[in-house]
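Walk through this model one site at a time. Keep the sequence and the 3D view side by side.

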Amino acid sequence: MQFEKVYEPQRFEPHWAQWWIESRLYEPDAGRARDTRVFSMVIPPPNVTGSLHIGHMLDHTIMDVAARWHRMKGELTLWLPGTDHAGIATHMVVERQLAAEGLTRQQLGRGEFERRIWQWKEEYGGRITCQIRREGASVDWSRERFTMDPGLSRAVREAFVRLWEKGLIYRGEYMVNWCPRCQTAISDVETAHQAVPGHLWHIRYAIPNSNETVVVATTRPETMLGDTALIVHPEDERYRHLHGKTAILPLLNREIPILADPLADPKFGTGVVKVTPAHDPNDFEAGKRHGLPFIKVIGEDARMTNAAGPYAGLDRFEARKRILAALEASGELVKVEPYTVNIATCDRCKTIVEPLISTQWFVRMKPLAAKAMDAVRSGRIRFVPDDREPVFFQWMENIRDWCISRQLWWGHRIPAWHCHNCQQITVARETPAICPHCHSTELEQDPDVLDTWFSSGLWPFSTLGWPDQTEDFKIFYPTSLLITGFDILFFWVSKMMMLGLECTGDIPFREVHMHGLVRDAERQKMSKTKGNVIDPLIVMDRFGTDAVRIALLISAAAGADIALKEDRMEAGQAFANKLWNASRLLFLNMERSNVASWTPSPATSTYIEDAWILDALNRATETVNRALAQHRYHEAAQTLWDFVWHEFCDWYLEVKKLRFREGTGQDEHWTAALSIYEAMLRLLHPFMPFLTEELWQRLETLTSAPHPKSISLANYPVEPFRAAGDPAPFALLQNVIDNAREQRADRKLDPKTTFQAALRIKGYEFSPADLSIVSTLARLTIEQHRSDDLTAAFDLQFKLGDASQNGALTEEARGRILKDMARQQRALENTDRQLNDPTFVSRAPEKIVASLRAKRAEYEAQLAKNKKLLEGLE
Ligand SMILES: [Zn+2]
Ligand SMILES: [Zn+2]
């Protein structure tokens with residue numbers, strides 16, 4: 001058998017990834033649904049503009065473990081992949097492309113622009129799915145979906161119309177975050193907030209027919225042109241006499257009322273606040289409360305409107321400068337003080353957003369949120385871990401209506417038509433030819449498109465054929481599990497819950513497992529500016545996909561953030577190599593032996609190592625299955641790591657190697673070893689699919705028994721293997737060998753020399769064959785006695801040979817001890833020199849000094865120990 005000395009994942013991984021897809025292993029046959037349990041998941045659809053980042057890889061790795069585990073347990077498993085059309089993101093990509101050609105989308109026109117985006121999608125939109133293929137994710141590519149597919153677009157229309165018919169969608173004037181660059185309303189979560197140094201300007205307003213004036217403080221003087229009132233707090237005694245009076249708005253000389261409203265904070269500035277209902281969310285509410293006029297002085301392009309009088313046409317920041325200059329000239333600018341202001345910027349383009357009133361489409365969220373909260377409260381949807389639940393409830397209880405219209409050209413166009421004749425709106429599933437209200441043909445579709453989260457909110461059921469009651473929808477909905485990062489709980493998870501319950505009458509998923517963010521080794525968030533981004537494509541090439549997977553899994557305790565260190569991935573690579581080498585040893589030895597073929601049967605052996613490893617395997621099997629059922633993926637991965645490395649490779653195989661050299665019992669040894677090994681590969685497969693597939697295929701050439709074509713279709717070990725026999729004798733063997741190694745190290749005995757030793761054991765005796773294994777691994781020639789009067793389980797005494805040999809040994813040991821002591825003495829003196837230097841001690845950080853003192857104590861202890869050993873030799 002050809003078996004390479006070093007495992008090179010790069011040679012095997014692309015091959016298996018491709019073979020899994022070509023063999024159509026992960027396309028569930030719906031016909032089996034009657035006889036078996038069903039497990040289904042949808043992939044969180046990545047942006048079609050995106051490329052794979054480490055957060056995706058964590059998502060996909062955990063999902064793949066879950067999918068492979070359920071599939072191997074015989075469940076009908078569907079993991080559905082796809083991508084999101086990503087409204088603003090795609091818009092910007094293609095607009096940039098146009099800009100490079102000196103074009104704008106307005107010049108191109110809506111139809112042509114949409115065509116360009118589709119063209120872009122055909123050319124580049126496959127990048128992210130290619131990368132998901134590279135990961136080896138066991139998704140069903142035959143069911144791949146895109147949010148703009150005809151089927152999904154139909155689902156979007158259906159959902160919109162149903163919500164409209166139930167009165168859950170309405171059109172309204174609303175204060176929205178407007179991005180003047182992107183020319184669209186953006187949601188709160190699409191804005192970034194930051195505190196920056198700014199100013200508080202104090203402006204004097206005159207009270208007509210009196211000598212009195214009031215001073216108003218503002219951070220945005222350009223909005224004053226839109227002021228329609230001043231307010232004071234109802235309880236503010238300073239201004240009680242002004243209730244119901246008016247003030248003159250400087251520059252424009254407009255007379256505006258002074259009102260009492262609790263919105264005014266007596267402690268802010270002078271306690272008098274200007275009200276600009278068209279340009280501030282709080283003022284918008286106050287304007288509605290008092291029936292004030294809404295004067296829009298800043299337009300969608302962030303330039304001043306005609307209502308701004310002499311400032312019309314100016315950019316908002318230029319207008320600010322001119323207004324301040326004018327106020328200063330007229331003496332109405334009383335005071336300027338530094339002040340920290342909070343500004344909101346567009347997440348995409350960093351432009352400062354402008355709160356603007358516009359007519360938008362909204363979803364009434366309260367009734368939807370009530371159903372979603374109920375689903376969580378009643379346990380129909382479970383959060384794992386559940387410590388996120390309070391945050392969820394708090395957010396849902398305070399939910400605001402969702403502005404779903406976007407002024408973009410790429411996305412699902414709102415299925416509403418405006419009649420130019422009677423001004424009525426018609427919302428319909430099919431494009432109407434005439435206005436149902438007045439029979440006019442003067443109809444025009446609403447220009448806005450829906451927020452991307454509207455279609456991704458339908459993802460768990462629109463992908464399965466809803467609104468039709470398709471076979472797939474009936475079998476796979478509700479989905480079993482959603483795995484995602486905590487960061488999109490509100491963006492996405494809650495929307496799927498609300499829209500799923502409203503549209504299908506059922507929950508979209510039964511369980512939600514939320515993992516933390518992947519951070520760098522110093523627990524910092526990864527970002528391009530910090531340069532600490534781990535690119536999954538690079539590390540997959542460097543360490544192998546399996547190594548990155550196991551590193552991510554072991555680091556991923558549910559809910560907590562993940563510090564991904566390079567040495568974890570290196571360790572993952574070493575782990576893959578360890579298993580590869582163990583396999584090589586097994587396979588090559590088997591080829592050399594006369595054992596021709598093997599049938600799995602782990603529990604027939606009478607050897608002590610087999611009883612022990614079977615017991616360990618049973619425990620690992622139980623732990624792994626329980627951990628996976630409870631979404632403790634890190635625990636499952638760690639358990640298998642320990643079993644493979646420390647139990648199977650370090651102990652079991654070391655002992656079996658010696659057995660293979662003996663003449664007797666070969667069939668029994670091979671059957672046991674290969675059976676354990678094969679079960680171990682199956683256990684490990686969901687975690688390291690590539691390596692285990694490669695090894696399993698090689699192993700299968702050694703057997704004539706019928707087997708599935710891929711390890712991913714083999715049975716997952718769930719039940720314990722038959723009663724394993726007593727693991728205690730082998731545990732005793734391990735203890736004796738460990739004890740021998742410790743004694744050797746303590747006495748500085750040459751690790752390669754074989755010594756004589758007497759072993760007394762309480763209530764047990766090793767068979768001659770087992771004893772010879774102890775002797776070989778401990779490098780001892782052992783004389784064994786059973787002695788039931790021992791208090792400990794055993795006692796191992798080294799006999800350091802006859803006088804001459806003893807003398808030679810003593811000399812050798814003395815040499816080693818003296819060398820050791822000299823080194824420790826030097827280290828001690830060095831430390832003392834530093835500690836006795838008063839300048840150093842006074843200037844060095846306390847932590848350093850403390851650690852030096854600790855080191856000094858350690859050197860002293862080592863010296864004392866060696867001194868004692870030396871005395872023992874004499
Ligand atoms: Zn923007
Ligand atoms: Zn009409």
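**Two zinc sites, a sheet and a helix**

Begin with the zinc ion called ligand 1, whose donor residues are spaced C-x2-C-x163-C-x2-C in sequence. This is a predicted model. The donors are the SG atoms of Cys179, Cys182, Cys346 and Cys349. They lie 2.2 to 2.4 Å from the zinc ion (ligand 1). Cys179 belongs to strand β5, residues 169-179, while Cys349 sits in the loop between β13 (333-346) and β14 (354-363). The pair therefore ties together parts that are 170 residues apart in sequence.

What geometry do the 4 donor atoms of the zinc ion (ligand 1) form? The site is tetrahedral, with angles of 101 to 115°. For four tetrahedral donors the ideal angle at a metal is 109.5 degrees. Is Cys179 buried or exposed? Cys179 counts as buried, because its relative accessibility is 0% and the cut-off for buried is under 20%.

Now turn to the zinc ion called ligand 2. Four SG atoms coordinate it, those of Cys419, Cys422, Cys435 and Cys438, at 2.2 to 2.3 Å. Along the chain these donors follow the spacing C-x2-C-x12-C-x2-C. Cys422 and Cys435 are 13 residues apart, and the pair links distant parts of the chain. Cys422 is in the loop between β18 (416-419) and β19 (425-427). Cys435 is in the loop between β19 and β20 (443-445). The site of the zinc ion (ligand 2) is tetrahedral too, with angles of 104 to 112° among its 4 donor atoms.

How accessible are the donors of this site? Cys435 has a relative accessible area of 0%, so it is buried. Cys422 counts as partly exposed, at 26% relative accessibility. Cys438 is also partly exposed, with a relative accessibility of 26%. Both values fall in between the cut-offs of 20% and 50%.

How many disulfides does the structure hold? The number is 0. A disulfide is a covalent bond between the sulfur atoms of two cysteines.

Next comes a sheet. It is open, has 3 strands and runs in the order β15-β23-β22, with parallel pairing. Its edge strands are β15 (382-384) and β22 (479-485), each paired on one side only. On average, neighbouring strands of this sheet are turned by 20° against each other, direction ignored. Strands of a sheet pair through backbone hydrogen bonds. Look at one pairing in detail. β15 and β23 (residues 509-515) pair in the parallel sense over 3 bridges. Here Phe383 stands opposite Val512 in β23.

Move on to Lys474, which lies in helix α14, residues 471-476. Is Lys474 buried or exposed? Lys474 is exposed, because its relative accessible area is 54% and the cut-off for exposed is over 50%. Which distance separates Lys474 from Ala33 in space? They are 10.0 Å apart, C-alpha to C-alpha, with their positions 441 residues apart in sequence.

Finish at helix α19, residues 608-629. At 1.5 Å a residue, its 22 residues should span 32 Å. The end C-alpha atoms are 32 Å apart, so the span agrees. Why is α19 described as largely enclosed by the rest of the structure? Because 17 of its 22 residues are buried. Just after α19 comes His631, which takes a positive phi of about 60°.

How values were computed. Residues are numbered from 1 along each chain as its sequence is written. Chains are lettered from A and ligands numbered from 1 in the order in which they are written. This is a predicted model: local features need pLDDT of at least 70, side-chain atom pairs count only at pLDDT 80 or more; totals for chains, interfaces and linings use all residues. Side-chain values use heavy atoms; hydrogens and water are left out. Donors are N, O and S atoms within 2.8 Å of the metal (3.2 Å for Na, K and Ca); water is not among the atoms, so sites may look incomplete. Four donors count as tetrahedral if all angles lie between 85 and 135 degrees; four count as square planar and six as octahedral if opposite donors are over 155 degrees apart and all others between 65 and 115; anything else is irregular. Helices (H or I, at least four residues) and strands (E, at least two) are DSSP runs, numbered from the N terminus. Buried means under 20% relative accessible area, exposed over 50%, partly exposed in between (1.4 Å probe, protein chains only). Two strands pair if DSSP finds at least two bridges between them. Axes are lines fitted to C-alpha atoms, for helices over the stretch in contact, and angles run from 0 to 180 degrees between N-to-C directions. A disulfide is a pair of cysteine sulfur atoms within 2.5 Å. The expected span of a helix is 1.5 Å times one less than its number of residues.
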